[in-house]
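Biologist: I should like a close look at a single part of this model, namely the salt bridges and the elements that carry them. Please describe where the charged partners sit and what surrounds them.

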Amino acid sequence: MDRNQKAEVVSALNAELAEVGVVVVTRNLGMTVAQSTVLRQKMRDAGATYKVTKNRLARIALDGTAYGPLSDLLTGPVGLATSADPVAAAKVAVEFAKTNDKLEIVGGAMGQMLLDAEGVKSLASMPSLDELRAKLIGLIVAPATKLATVTQAPAAQLARVFNAYAEKEAA
């Protein structure tokens, strides 16, 4: 990689870090290409990304962002999982690490807050933004549904009574 390519990688990573809500640092302990591909696919499906970059370039890209303190975690073969949703990258990384012993969660950051491995795992246990929105909409819609059911019940009962009288007189 020549100097211009390194500059492009650093600027692209810096721009991406400026837009994300969470960064999870993982250590790759001999993952195969197939395993990395599966992890990247799962990240994409969740709306997250997973990149393996040189630690030196990643440190340069982290400078000037809210994730600067993560530079200390970049030792050995590491990868960065990022997502705009604060839970997505952490959830996929932790799920993958449970089934694959060659991926280790080192730590991460959410905004200015630095997280250790346990912090990332607890973040992963939280519901995602979409799940929270679905629950909120369900809570908002539930009273309206109950109100509609309650207001229709007397009319339905009245209709059944009239139907019973009509059947009685017809017989």
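**Salt bridges and their surroundings**

Modeller: In this predicted model, Glu95 and Lys98 both belong to helix H4, where three residues, or about one turn of the helix, separate them. Their side chains meet in a salt bridge with an N to O distance of 3.9 Å. An α-helix has 3.6 residues a turn, so residues three or four places apart point the same way. Side chains of opposite charge can pair when their charged atoms come close. As to exposure, Glu95 is partly exposed at 46% relative accessibility, whereas Lys98 is exposed, its relative accessible area being 63%.

This pair belongs to a total of five salt bridges in the structure. A further one also involves H4: Lys91 forms a salt bridge with Glu131, and the closest N and O atoms are 3.9 Å apart. Here the partners come from distant parts of the chain, since Lys91 lies in helix H4 (residues 88-99) and Glu131 in helix H6 (residues 129-170), 40 residues apart. Lys91 counts as partly exposed, with 23% relative accessibility. That value stands above the 20% under which a residue is called buried. Glu131 is likewise partly exposed, at a relative accessible area of 37%.

The helix that carries these charged residues may now be considered as a whole. H4 has 12 residues and spans 17 Å from its first C-alpha to its last, close to the expected 16 Å at 1.5 Å a residue. Its buried residues are Ala88, Ala89, Ala90, Val92, Ala93, Val94, Phe96 and Ala97. These buried residues pack against several elements: strands E1, E2 (48-51), E3 (78-83) and E4, together with helices H2 (33-45) and H5 (117-124).

Two of those strands, E1 and E4, are themselves joined by a salt bridge. Arg27 and Glu104 form this salt bridge, with 3.9 Å between the closest N and O atoms. The pair links distant parts of the chain, as Arg27 is in strand E1 (residues 22-28) and Glu104 in strand E4 (residues 103-110), 77 residues apart. Arg27 is buried, with a relative accessible area of 19%, while Glu104 counts as partly exposed at 34% relative accessibility. The cut-off for burial is under 20%, so Arg27 at 19% falls within it.

The backbone also connects the two strands. E1 and E4 pair in the antiparallel sense over six bridges, and Thr26 stands opposite Ile105 in E4. Six of the eight residues of E4 are buried, so this strand is largely enclosed by the rest of the structure. E4 has a further antiparallel partner in strand E5 (residues 113-116), to which four bridges join it. Within this pairing, Gly107 has Asp116 in E5 as its bridge partner. E4 and E5 form a hairpin with two residues between them, and Gly111 in the turn has a positive phi of about 65°.

Finally, helix H6, which supplies Glu131, also holds Leu136. Leu136 forms a nonpolar patch on the surface with Ile137, Ile140 and Val141, and together they have about 390 Å² of accessible area.

Notes
Residues are numbered from 1 along each chain as its sequence is written. This is a predicted model: local features need pLDDT of at least 70, side-chain atom pairs count only at pLDDT 80 or more; totals for chains, interfaces and linings use all residues. Side-chain values use heavy atoms; hydrogens and water are left out. A salt bridge is a side-chain nitrogen of Lys or Arg within 4 Å of a carboxyl oxygen of Asp or Glu. Buried means under 20% relative accessible area, exposed over 50%, partly exposed in between (1.4 Å probe, protein chains only). Two strands pair if DSSP finds at least two bridges between them. The expected span of a helix is 1.5 Å times one less than its number of residues. Contact means heavy atoms within 4.5 Å. Patches are made of residues with over 30% relative accessible area and no salt bridge: like charges are joined within 9 Å, nonpolar side chains (Val, Leu, Ile, Met, Phe, Trp, Tyr) within 5 Å. Accessible areas come from the Shrake-Rupley method with a 1.4 Å probe; for residues, only the protein chains shown count as cover.
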